[in-house]
Amino acid sequence: MLKIEDLHAETAGKAILKGLSLEIRSGEVHAIMGPNGAGKSTLANVLGGKPGYEVTGGSVEFLGEDLLELDPHERAAAGLFLGFQYPVEVPGVSNVQFLREALNAQRKVRDEEPLSGGEFLKLAKEKAGLLGMDMDMLKRHVNVGFSGGEKKRAEMVQMGILAPSLAVLDETDSGLDIDALRVVGEGINAIMRPQGGAADKGVLLITHYQRLLDVVKPDLVSVLADGRIIETGGPELALRLENEGYDAVMAENLGAAA
Amino acid sequence: MSDNLDIQENPLSDAPEMDAEAKEAAANAAEYEHGWSAEIDTEFAEKGLTEDTVRFISGKKGEPQWMLDWRLKAFRLWEQMEEPDWAKVGYPKIDYQDAYYYAAPTKKVELDSLDDLDPDIKAVYDKLGIPLGEQEVLAGVKGAKKVAVDAVFDSVSVATTFREELKKAGVIFLSISEAIKEYPELVKKWLGKVVPQRDNYFATLNCAVFSDGTFVYVPEGVRCPMELSTYFRINAENTGQFERTLIIAEKGAYVSYLEGCTAPMRDENQLHAAVVELVAMEDAEIKYSTVQNWYPGNSEGVGGIYNFVTKRGLCQGDRSKISWTQVETGSAVTWKYPSCVLNGEDSVGEFYSVAVTNNFQQADTGTKMIHNGKGSRSTIISKGISAGKSNNTYRGLVRVGPNADGVRNFTQCDSLLLGDECGAHTVPYIEVKNPGAQIEHEATTSKISEDQMFYAQQRGLDEEEAVALIVNGFAKDVLKELPMEFVVEAQKLLAISLEGSVG
């Protein structure tokens, strides 16, 4: 569903992605790991269409469309969800209002009828329940006064409500304790790979740590270093990174390239 | 009045019979949602302002001698006064002799029911988008929630509804012209007592030439059984609009009054100098809400209303309360400081304001809280939103008199900037002559962050929807003070006012 080919991108005049290629098929969870500064967050931002990131080469195809041609809100309506590493506060706007407007804006782009207040609340309650959030929390302002863990949980509730085809989750596990990590990981499973599997959904999981992958089991693991994917393997690659560190894998890879 | 622009009929279509000029005019009109003017015959006072103009207006309205004398006194004062220039606004010098001071619809008045209303005027109300509840009321739907509408069309009150029901409760709700004739003692007692005739240049001008407005009297112990609302609208080209409102709440009375304005598309600058006076006696409460959407001028800064308003409330009785809530999105120039004079012990003044400026709009607005009574309290929440090349100033005064012990004030002024060509300014004046006063002032200035915009857009909102959402969140503390009927309208207005201000 997502095909990235030879993607080059820069921000503030500095080249960050230098020929990144990656493919995610329907039903796959693809983990991206890599050292700080490798370009992981840049990849997420470029996919989302954040201003300030310039694509200087390559292509991204998403569900048959040229993703890079779409505005950020059109990408969302097409089914792309970005889980933010640092979810943003929107004072004065409740989660309920924010998500209902967002969902109905997406539905409008897709020529679907808007959800009524009642329909929306029912949906929101169900999805919040998956993440152990109650409605009181959804009535609070978007991310205002939320702890780090609550913010990440709220991101997953948003994902549940917006029901994307592809979730790009940027270090969703950062700032979570072990229990919260389990809740969020199981939330990802429940939403993006519901019982019996979901052939029409994919996940790009950006993470530093194996512990999230213990819960959300990836089909593929890629290592991103210096703006490129330098190695792709199965779940065992993540275990190897955990044991040996990035340096060893990178050295081996660079050595092989030399 | 031949240039009736009907924006319903797709003004941008390439109908061959439309010449370029008409097309441009129609496109301009479409830019401003309420930018149209209806064809209604208007009777003008001659251009210019002299004693004769004042006599003409007074005579036209059949006023008693005392009223004419009062107007003439104000006119003579005004002639001696200088237009103020201390506000942070700039506009071409107004030629007061090149404007009309009176226009009245010639098909008129005194209706038993709304069916008798001039169909042209009815159509105007329809285009105004008077809220559904009120439309039902206007249409006479049984069981509809009652909102009394005293519609001011141009300068003369054309229709007043629910007068009878209000009368049963003892509430007097009339145009001020009628009140002058029917309740002269009440009017004489309070007119010019809250805002003195010589208060300021624009207020004094209003005293001389006020066209019409609203009078409300709520007697002792009466809770007004419905929200009172008035729609103002400038309709005649080059006609100043000088509304005059007087609301009196006797001991233990309560009234909530809503005022909403829209104005048609015009190239000429139009002067609007209203005066509002409120009086709250012991334990009385007045809630005064405004949604102001006068024509702001086009995106190049041409045209638009000059809105020089004097609004003041007198908390005369102990434990009285006056609450101003305003959503100001229109006008080319706004000069407006709804204030409270807190004379009563433990009286309460509140000011909640959202002021939006876009393109070349200028707003200098705020409040004055004058604490004379012991234990009086005030709250000021001001939210300024600036976009385009506009300038938005909060100017506020908190004054505590020497005998006012135990006064408290809390002020919060937040400014939100869209883009980097606009300005936000905060000018607080604090004068405290009693050492026991507790005054708090908080101010913030922020920009809509790129991160907030991207976050909202990534969830599916387009750029303008994202701005509207963020701005409405910013203004929430004020919007929630509005009566229910106005909240949605006000939210939409904020969004409309900021269209085209991003990207």
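What follows is a chat between a colleague and a modeller about a predicted model with chains A and B.

Colleague: Before we start, how are the residues, chains and ligands labelled, and what pLDDT do local features need?
Modeller: Residues count from 1 along each chain as its sequence is written, while chains are lettered from A and ligands numbered from 1 in the order in which they are written. Since the model is predicted, totals for chains, interfaces and linings use all residues, side-chain atom pairs count only at pLDDT 80 or more, and local features need a pLDDT of at least 70.

Colleague: Let's take chain A. How many helices and strands does the chain have?
Modeller: Helices here are DSSP runs of H or I with at least four residues, strands are runs of E with at least two, and both are numbered from the N terminus. On that basis, chain A comes to ten helices and twelve strands.

Colleague: And why is chain A called as compact as a globular protein of its length?
Modeller: The radius of gyration is taken over C-alpha atoms, and the globule rule is 2.2 Å times the number of residues to the power 0.38. For 258 residues that rule gives 18 Å, and chain A is close to it, so the chain is as compact as a globular protein of that length, with a radius of gyration of 18 Å.

Colleague: What share of the residues of chain A count as buried?
Modeller: A residue is buried if 20 or more other C-beta atoms lie within 10 Å of its own, exposed if 12 or fewer, and partly exposed in between, with C-beta atoms placed from the backbone. Of the 258 residues in chain A, the buried share is 44%.

Colleague: Which strands sit at the edges of the six-stranded open sheet in chain A?
Modeller: Two strands pair if DSSP finds at least two bridges between them. The sheet has mixed pairing and runs in the order β6-β9-β10-β3-β11-β12 of chain A. Each edge strand pairs on one side only, and these are β6 (80-83) and β12 (228-233) of chain A.

Colleague: By what angle are neighbouring strands of this sheet turned against each other on average?
Modeller: Axes are lines fitted to C-alpha atoms, for helices over the stretch in contact, and angles run from 0 to 180 degrees between N-to-C directions. For this sheet, with direction ignored, the average turn between neighbouring strands is 20°.

Colleague: Look at β9(A), residues 166-170. Which residue of β10(A) is the bridge partner of D170(A)?
Modeller: All five residues of β9(A) are buried, with L166(A), V168(A) and D170(A) pointing one way and A167(A) and L169(A) the other. The strand pairs in the parallel sense with β6(A) over four bridges, and with β10(A) (202-206) in the parallel sense over five. In β10(A), the partner of D170(A) is I206(A).

Colleague: At the other end, which residue of β12(A) stands opposite S222(A)?
Modeller: Strand β11(A), residues 220-225, runs antiparallel to β12(A), joined by five bridges. Opposite S222(A) in β12(A) stands T232(A).

Colleague: Now the two chains together. Which element gives the most to the side of chain B that touches chain A?
Modeller: Two residues are in contact if their C-beta atoms, placed from the backbone, lie within 7 Å. By that rule, 17 residues of chain B are in contact with 22 residues of chain A. Elements giving two or more residues to that side of chain B are α10 (450-458) and α11 (463-474). With seven residues, the one that gives the most is α10(B).

Colleague: Is α10(B) largely enclosed or open, and what covers its buried residues?
Modeller: Seven of its nine residues are buried, so α10(B) is largely enclosed by the rest of the structure. Among the buried ones are F454(B) and Y455(B). The cover includes α1 (40-48), α2 (72-78), β6 and β7 (90-94) of chain A together with α11 of chain B.

Colleague: At what angle do α10(B) and α11(B) pack?
Modeller: The contact includes M453(B) and A456(B) of α10(B) and L469(B) and I470(B) of α11(B). The helix axes are 9 Å apart, and the packing angle is about 115°.

Colleague: Finally, what share of chain B is buried?
Modeller: Chain B has 13 helices and 23 strands. Out of its 503 residues, the buried ones make up 54%.
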